[in-house]
Amino acid sequence: MAKKDFMPESDIKYDIESDGENGFAGADTEDSWRFEGRRAPMPVIPLRGMTAFPSMVFHFDIGREKSVNALEKAMMSNQIILLVSQKNPDTELPTFEDYYKVGTVAKIKQMLKLPGDSIRVLVEGMARGRIEGLSEEAAFVEADVTEIISERFTEIPPRVEALTRIVLESFDEYLSLNEKLPSDALASVESIDDPGTMADTIASHMDFKIELKQQILEAFGVEQRLSLLDGMLKKEIEIERIEQDISKKVRVKINKNQKEYYLREQIKTIREELGDDENTEDEAQGWLKKLKKLKLDKKISEKVEKEIGRLAKMQPGSAEATVIRSYVDWVFDLPWNVYSASDIDLAAAAKKLDADHYGLQKVKERILEYLAVMKLAPGLKAPILCLVGPPGVGKTSIARSVADAMGRGFVRMSLGGVRDEAEIRGHRRTYIGSIPGRIINGMKEAKTMDPVFLFDEIDKIGTDFRGDPASALLEVLDPEQNKEFTDHYLEFAFDLSKVFFITTANTTDTIPRPLLDRMELIEVPGYTEQEKVKIAERYLVPKQLREHGLNKEMLQIREPALHDIINYYTRESGVRNLERRIAGICRKSARRIVEKNVKKVAIASANLEKYLGKRVFRYETTSDETLVGVTTGLAWTAVGGTTLSIETSAVAGKGGVVLTGQLGDVMKESAQAGISYIRSIAKESGVREDFYDKYDIHIHIPEGATPKDGPSAGVTMCTAILSTLTGIPARQNVAMTGEITLLGKVLPVGGIREKALAAHRAGIRKVLLPRDNAVDLEEIPDEVRKVMEFVLLDHARDALPHVLTKAPKPKPAASGKKTGKSGNKKS
């Protein structure tokens with residue numbers, strides 16, 4: 001026999017072990033005999049999706065390189081090989097942990113090469129084999145295998161006989177329920193005398209999972225093997241009965257559907273006889289099939305199904321039918337369960353953001369942080385970002401770049417001037433011509449459930465008698481609520497939790513507080529002069545050259561000319577006007593090239609006025625100029641930072657205070673606080689103590705057409721008033737910002753970066769800041785910090801040596817004592 005070829009009878013030994021000792025799942029627990037043959041090395045072929053049993057003759061195909069090498073090794077020796085099942089059939093290169101530890105020792109009977117480098121192998125299972133060790137270093141897998149021979153009976157024990165009959169009865173019952181197995185399968189099994197071989201044969205016929213077949217293979221004792229097999233057969237019989245019961249019910253339902261189909265066909269014939277060609281019934285049936293494929297939430301499906309059922313009972317040309325058709329079309333046009341299939345690549349996303357935008361490091365870092373977290377936790381709720389900054393700094397365009405970097409769709413909705421709540425939530429279907437809101441419309445355009453959705457100009461949203469759109473947005477921009485956003489038109493909840501919402505604003509002052517609280521603010525500051533030059537060279541100039549049909553060989557704008565355009569023809573935090581100026585140069589250059597046949601136009605500082613006209617702005621350094629009662633302040637507006645010239649004068653009067661220049665309430669209060677502080681230090685500052693009775697103080701900020709407000713001009717106005725009252729000139733090349741208290745303490749303010757950039761643009765090289773704003777200096781670009789001096793103030797008097805050309809002289813005290821220290825104590 002083939003077994004003797006593999007292992008001589010003299011080498012057989014006997015051993016008895018319990019389940020706890022041999023460590024095999026499915027092995028016998030008590031009184032189980034395990035016959036061990038000798039240990040021998042042999043090649044291993046892993047099987048995918050099948051289990052080999054002893055005494056079975058079967059074939060399989062192999063194509064993996066190591067399996068082919070193992071087959072060749074076996075053919076060159078004794079044609080013996082170990083067949084072991086993989087735990088995961090999808091594993092292409094299995095390792096020791098991927099194999100089951102018990103397989104089947106088989107003899108190769110025949111092999112046939114197939115097209116495509118595959119080989120079909122015919123084998124005969126001989127005995128069970130246990131892997132004791134595995135070597136994967138060679139060209140094939142070789143295992144140290146101990147052969148396991150099932151116990152043989154000279155006389156079958158009664159219990160084993162009983163189990164054998166039970167298994168045969170169960171197998172017979174299973175065959176009567178399952179028509180897939182051949183009808184002669186029972187006869188072939190009954191002809192097997194050995195109970196263990198019979199159990200293996202039945203297991204090989206059954207369509208069990210690999211794990212279950214492996215349990216039978218690892219059951220070395222015949223009694224337990226039969227018990228395991230009987231339990232599995234009974235479970236399969238129960239499943240088959242349930243399937244037959246379900247099939248019976250389905251057949252009854254099909255018969256009912258056939259009856260309904262017959263009746264519908266009769267109705268269809270009647271309608272055709274009446275000349276009614278349109279058939280809402282067929283239309284409804286088509287929609288119902290489409291609805292089932294979408295696999296929507298139960299509530300949504302019931303709602304849509306109800307509307308389709310109403311349509312089926314209506315006349316095709318009725319107004320109500322038209323409304324329902326429009327509604328159902330909207331439902332089916334939404335991107336149900338459709339998500340972007342992009343694989344997140346942080347390096348590619350960072351490269352994309354850097355390629356599209358220069359600077360904006362905070363925004364880019366936040367986007368990349370979100371992408372990194374989303375890669376680790378795909379179920380994360382999308383953040384809601386609000387990009388706040390002056391016009392022209394790239395807030396809208398970076399949102400589009402974010403969508404491109406993430407591989408998602410992009411939708412933009414401008415909220416400027418939106419006053420109707422229905423723009424957000426949609427119109428109820430009771431109104432004629434009602435449609436969903438722009439949120440749902442945007443999701444339809446995006447064609448995915450997870451686009452990047454941009455709400456542009458959220459700070460300019462309005463409200464009137466038609467509702468409050470900002471309140472409607474609370475549900476959209478709340479991560480805890482937008483999973484069930486309800487549009488008035490759809491009348492069911494729609495999931496917006498996977499949408500990446502980005503909003504833009506020039507200022508947060510006009511955004512309602514509850515809405516602002518739901519968003520993560522990211523400031524997008526203005527650009528420095530050097531940054532604008534880089535943006536112009538990398539993006540603006542190439543873009544305008546393409547749009548005007550030019551190239552860099554035809555038009556060259558040199559770097560000094562770009563500096564002059566920025567300094568003398570634009571005054572902005574962004575680059576919008578800079579792009580317009582470059583476009584103007586391109587137009588004039590194109591005309592010259594066409595009319596005068598010029599080969600190349602070069603723009604330099606010398607000929608810039610020829611293309612852009614006279615300079616519009618002037619940034620002059622006033623380092624040598626000093627004026628009494630005039631100081632330079634810094635302010636932050638919706639369009640970025642700017643410098644303010646604060647003028648003060650004292651005229652004979654009765655202590656009145658006049659404020660002009662469209663000052664807001666906060667700046668008026670700052671002026672009053674500054675005057676009160678000066679009164680408290682009048683004696684030590686050389687100011688007449690009765691000045692508030694003898695003089696009227698007039699404070700004026702030029703450019704009166706521009707409203708001004710905010711808590712940042714206190715120290716500037718205080719210094720200007722003190723310059724007026726003492727007659728000491730103030731330096732105009734020193735700018736300052738900060739609020740003061742009645743005791744003269746300088747309080748921190750916001751917008752330090754924008755204010756510093758404004759001072760830099762104006763040629764100012766010394767800026768006075770509150771000490772608590774020291775942390776904001778890190779946000780100022782290096783090229784600005786290198787050429788500017790920043791002085792930190794604790795008290796208003798700390799600004800005087802830097803602004804006034806000389807120190808104020810204290811008024812002499814009547815007692816002859818020094819009053820400086822006592823004055824300080826009072827302040």
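Colleague: How much space lies in the largest cavity?

Modeller: About 110 Å³, and bear in mind that this is a predicted model.

Colleague: What makes it a cavity rather than a pocket?

Modeller: A cavity is a space where a 1.4 Å probe fits but cannot get out, whereas a pocket is open. The largest cavity has 15 lining residues, and Pro 54, Met 126, Arg 128, Ser 150 and Arg 152 are the closest to its centre.

Colleague: How many cavities of 30 Å³ or more are there?

Modeller: Three, by this rule.

Colleague: Which helices and strands supply at least two residues of the lining of the largest cavity?

Modeller: That would be β6 (118–135), β7 (142–149) and α6 (195–205).

Colleague: What is the lining of the largest cavity like by class?

Modeller: You get six charged residues, five nonpolar and four polar. Arg counts as charged, so Arg 128 and Arg 152 belong with the charged ones.

Colleague: Now the second largest pocket: how much space lies in it?

Modeller: About 690 Å³.

Colleague: How do you know which residues line the second largest pocket?

Modeller: A lining residue has an atom within 4 Å of a grid point. For the second largest pocket that gives 24 residues, with His 357, Gly 394, Ser 397, Val 575 and Glu 579 nearest its centre.

Colleague: Which element gives the largest share of that lining?

Modeller: α19, with five residues. At least two each come from α12 (346–356), α14 (395–406), α19 (529–547) and α21 (576–595).

Colleague: And how does the lining of the second largest pocket split by class?

Modeller: Nine residues are nonpolar, eight charged and seven polar. Gly counts as polar, so Gly 394 goes with the polar ones.

Technical notes
Residues are numbered from 1 along each chain as its sequence is written. This is a predicted model: local features need pLDDT of at least 70, side-chain atom pairs count only at pLDDT 80 or more; totals for chains, interfaces and linings use all residues. Side-chain values use heavy atoms; hydrogens and water are left out. On a 1 Å grid over the protein atoms alone, a cavity is a set of points where a 1.4 Å probe fits but cannot get out, and a pocket is an open set with protein on both sides within 12 Å along at least five of seven lines; lining residues have an atom within 4 Å of a point. Grid points are joined across faces, edges and corners, and a volume is the space filled by probe spheres set on the points. Helices (H or I, at least four residues) and strands (E, at least two) are DSSP runs, numbered from the N terminus.
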